[in-house]
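Please open the model in your viewer and keep the sequence at hand, since the tour moves from one selection to the next.

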Amino acid sequence: MGKIIFLDVDGTLVDYENRLPQSAVTAVRSARKNGHRVYICTGRSRAEVYQELWDIGLDGMIGGNGSYVEDRGTVVMHRLITMEQCTRIVDWLHSRKLEFYLESNNGLFASENFAQKSQPAIREYSRRKGKDDADQATAASVFPDMIYGANLYRDDLNKISYLLNSYQDYLDTKEQFPDLNSGTWGGAGETALFGDLGVKGITKDSAIACLLKYLNADREDTIAFGDAKIDIPMLAYCHTGVAMGNGGKEIREAADFVTKSVEEDGLYDAFEKLGLI
């Protein structure tokens, strides 16, 4: 077995407008032809990994920030939020008038007013990512397959993301659910736009460890690529950690080296420098 490569998706494999550079496709296919394995390692659930990504020729995925592990069509591990937890979360968020969406391998399921209430946060998130058309962004454009009107009490959830009206909403939710992982995204600290809740003890690096055990593979053969703070433990766990040039200051400082941005063919450039292609 050659190297085992883990790629974050948003900001790493695809740019912040969800465009997949041809150079990244070439890099992945060439690396696999050379005997290396390539997995995406993402906060997305399987329902958000569209066919365009699978068509690259991936060996599998880690999804839900580590709650789901798949290798060549085989589910290696899948830990879910329980129905009891989901019920408590949905009722709590409704009581706080916080709109949300449920992240499942079977789809994304939004609360009643998510499309309308999320628009300011989605546009601000798009502006922070440097999108030229940020002021035109909507829930429909960012989440084209979002499902509305479904039963929100579910037992197939990897994560739940919710809109923050204030940072206090995150602090209160974290205190309310000590049995779950609690985080934020869309900004650091009080500038965060969303909170999220996931299975306790689940991280990208713990999922990588699970996959390596299944493959009977060594950490010495692992390489991780990412652009965000949540990717730092993954980069630290793997033998070689690569930050994208478009990544934040913290991950660039934590990486073994920094490649070019995703738009500047950074993935291909790093694959070349690491001797993968």
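Two strands are taken to pair if DSSP finds at least two bridges between them. With that in mind, and remembering that this is a predicted model, begin with the strands.

**First stop: β3, β4 and β5**

Select residues 60-63, strand β3, together with β4, residues 68-71; the two pair in the antiparallel sense over 4 bridges. Within this pairing, Met 61 has Glu 70 of β4 as its bridge partner. The two strands form a hairpin with 4 residues between them, and in the turn you will find Gly 64, whose phi is positive at about 60 degrees.

Now add strand β5, residues 74-78, which runs antiparallel to β4 and is joined to it by 4 bridges. Here Val 69 stands opposite Met 77. This hairpin, of β4 and β5, has 2 residues between the strands, and Arg 72 takes a positive phi near 45 degrees.

Before leaving, show the side chains of β4: which of its faces are covered? Both are, with Tyr 68 and Glu 70 buried on one side and Val 69 and Asp 71 buried on the other.

**Second stop: helix α3**

Select residues 83-95, helix α3, whose 13 residues should span 18 Å at 1.5 Å a residue, which agrees with the 18 Å between its end C-alpha atoms. Colour its buried residues, which are Gln 85, Cys 86, Ile 89, Val 90, Trp 92 and Leu 93. Because they cover an arc of only 165 degrees around the axis, they lie on the same side of α3. An α-helix has 3.6 residues a turn, so residues three or four places apart point the same way.

To see what these buried residues of α3 pack against, display β6 (100-104), β9 (157-163), α7 (167-176), β10 (180-185) and β11 (194-199). Following the helix is Lys 97, with a positive phi near 60 degrees.

**Third stop: the nonpolar cores**

Next select Phe 6 and Ile 208, which touch the most other members of the largest nonpolar core, a set of 43 residues. The elements that give two or more residues to this core are β1 (4-7), β2 (37-41), α3, β6, β9, β11, α8 (204-215) and α9 (232-237). Centre the view on Ile 208: leaving aside residues up to four places away in sequence, Ile 208 touches Phe 6, Cys 41, Ile 62, Met 234, Tyr 237 and Cys 238. Apart from this core lies another, of 29 residues, and to find it you can select Ala 31, Val 49, Ile 56 and Val 262, which are among its members.

Technical notes
Residues are numbered from 1 along each chain as its sequence is written. This is a predicted model: local features need pLDDT of at least 70, side-chain atom pairs count only at pLDDT 80 or more; totals for chains, interfaces and linings use all residues. Side-chain values use heavy atoms; hydrogens and water are left out. The expected span of a helix is 1.5 Å times one less than its number of residues. Buried means under 20% relative accessible area, exposed over 50%, partly exposed in between (1.4 Å probe, protein chains only). The arc is that of the directions from the helix axis to the C-beta atoms. Contact means heavy atoms within 4.5 Å. A nonpolar core is a set of buried Ala, Val, Leu, Ile, Met, Phe, Trp, Tyr and Cys residues joined through side-chain atoms within 4.5 Å.
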